[in-house]
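Colleague: I'm new to reading protein models, and I'd like to learn with a real one open in front of me. Could you take me through it feature by feature?

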Amino acid sequence: MSDSPLPLASALHEPVLRWYAANARTLPWRDPSAGAWAVMVSEFMLQQTPVARVLPAYEVWMERWPKPADLAGEAPGEAVRAWDRLGYPRRALRLHAAARAIVEQHGGEVPDDHAALLALPGVGTYTAAAIASFAFGQRHAVVDTNVRRVFARALTGTAQPSISPTAADQRLAVSALPQDEPTAARWAVATMELGALVCTARTPRCADCPIRSQCAWVLAGSPQYSGPPRKGQTYEGTDRQARGRLLAVLRAATGAVSKADLDACWPDQLQRERALDGLVADGLVDPLPRNRYALPA
DNA sequence: TACGCGTGGAT
DNA sequence: TATCCAAGCGT
């Protein structure tokens, strides 16, 4: 595949970059004084959690652990506790493990190398590219759900991107990347922001879009989504909810809790035991002697 | 590739 | 009220 910009994509660069310069949100991890650790913490927290809910937890976190070594010196359970109700608490465990790896393998500094980032716990394709691009100004295709949606509409002409990320998404994002490194980095954050603020999933604000006159989907008449149905996940009564209840009890406790305290938070015993076993298997809960449980030490 | 993994705001 | 969906990752 050619690495040169598609003609259509290159025509989007200038309006999208201009739009971003005028409309970007002020976010703490975008402040010029925020380092790579700040970017990394924000990226972990933002994996499947909205900005508005991340902001308060992020502030507390960075105040308490301003450097990777500060977090690495804590018990993993403290990271889980500080994760509060952001959801998917395994991310907290992975961020803690990543901080320890950074201390042990990278002298306490977040590495700027994409492959080294990818090797860290909890860092996948997206997060490695995001840190390398946002924190270090490198040229990478940063492909999240926002970017996939913007490109699906603007370039492919479909209402929604594929349900799960595809190699084609990645290739398209690479082909659309500006050649110049700093411009590519601004393009990455700008396309994400456009997807987050204007080219939204449910009700896109096409009237406010800087590329509406070039958007393949708009030019096709904004056809409705016609792909396979997206599986809406229920939550009430699931193992996930049971795990959340159990972990909430442990987060609220100062030290260890009794089995009876855990039993009180979920009625279905079979499901409760399965959820607790899962939390222990994931390293989110330490089983202790005398039938007691605690966040991992 | 498909699935499991939290939580809560918006529509 | 029920459904959608939010800067994914690991297995």
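Modeller: Happy to, and keep in mind that this is a predicted model. Let's begin with a pair of charged side chains: Glu-193 and Arg-25 form a salt bridge, with 2.8 Å from N to O.

Colleague: Why does that pair tie together parts that are 168 residues apart in sequence?

Modeller: Look at where each partner sits. Glu-193 belongs to helix 11 (residues 181–197), while Arg-25 is in the loop between helix 1 (7–23) and helix 2 (36–45), so the bridge joins pieces that are 168 residues apart in sequence.

Colleague: And is Glu-193 buried or exposed?

Modeller: The idea is to look at relative accessible area, where under 20% counts as buried and over 50% as exposed. Glu-193 comes out at 1%, so it is buried. Arg-25, its partner, has 29% and is therefore partly exposed.

Colleague: How many salt bridges does the count come to?

Modeller: The total is 13. The rule behind that is a side-chain nitrogen of Lys or Arg within 4 Å of a carboxyl oxygen of Asp or Glu. Another one to look at pairs Arg-64 with Glu-74, at 3.5 Å from N to O. Arg-64 is in helix 3 (residues 51–64) and Glu-74 in the loop between helix 4 (68–72) and helix 5 (76–82), so this pair ties together parts that are ten residues apart in sequence. Arg-64 is partly exposed, at 37% relative accessible area, and Glu-74 is partly exposed too, at 21%.

Colleague: What about Arg-90 and Asp-282, where do they sit?

Modeller: Their side chains meet in a salt bridge as well, at 3.7 Å from N to O. This pair links distant parts of the chain: Arg-90 is in helix 6 (residues 90–106) and Asp-282 in helix 15 (residues 269–282), 192 residues apart. Arg-90 has a relative accessible area of 40%, which makes it partly exposed, and Asp-282 is partly exposed with 27%.

Colleague: Which residues do salt bridges with shared partners join into one network?

Modeller: Arg-64, Glu-74, Glu-78 and Arg-81 are joined that way. You've already met two of them in the Arg-64 to Glu-74 bridge.

Colleague: Let's step back. How do I read the whole chain?

Modeller: Try the inventory of helices and strands, then the overall dimensions. Chain A has 15 helices and three strands. Its C-alpha atoms fill a box of roughly 70 × 45 × 35 Å along the principal axes. For 297 residues, a compact globule would have a radius of gyration near 19 Å, and chain A has 21 Å, which agrees. Buried residues make up 44% of the 297.

Colleague: How is chain A divided into domains?

Modeller: There are domain 1 (7–24 + 140–219), domain 2 (36–134) and domain 3 (239–294). Notice that domain 1 is written as two stretches of sequence. The C-alpha centres of domain 1 and domain 3 lie 43 Å apart.

Colleague: Next, the inside. Which residues touch the most other members of the largest nonpolar core?

Modeller: Look for buried nonpolar side chains that are joined to one another. The largest such core has 53 residues, and Trp-37, Met-40, Met-45, Trp-61 and Leu-95 touch the most other members. Several elements give two or more residues to this core, including helix 3, helix 6, helix 8 (125–134) and helix 13 (239–252). Helix 2 gives the most, with eight residues. The core draws at least three residues from each of domain 2 and domain 3.

Colleague: Can we zoom in on one member?

Modeller: Take Met-45. Setting aside neighbours within four places in sequence, its contacts include Val-54, Trp-61, Trp-83 and Leu-86. There's also a second, separate core of 31 residues, with Leu-12, Val-150, Phe-151 and Ala-190 among them.

Colleague: Which residues does the UniProt annotation cover?

Modeller: The unreviewed UniProt entry carries "domain: HhH-GPD" over residues 45–197. That span is 64% helix and 0% strand, and its end C-alpha atoms lie 19 Å apart.

Colleague: One last residue: is Gln-233 buried or exposed?

Modeller: Gln-233 is exposed, since its relative accessible area is 59%. You'll find Gln-233 in the loop between helix 12 (216–219) and helix 13.

How values were computed. Residues numbered from 1 in each chain as written. Chains lettered and ligands numbered in written order. Predicted model: local features only at pLDDT ≥ 70, side-chain atom pairs only at ≥ 80, totals over all residues. Heavy atoms only, no water. Helix = DSSP H or I, 4+ residues; strand = E, 2+ residues; numbered from the N terminus. Buried < 20%, exposed > 50% of the residue type's maximum accessible area, 1.4 Å probe, protein only. Domains from an automatic or database assignment. Core = buried A, V, L, I, M, F, W, Y, C linked by side-chain atoms within 4.5 Å. Contact = heavy atoms within 4.5 Å. UniProt positions renumbered as here; feature names shortened; annotations may be inferred. Rg over C-alpha atoms; globule rule 2.2 N^0.38 Å.
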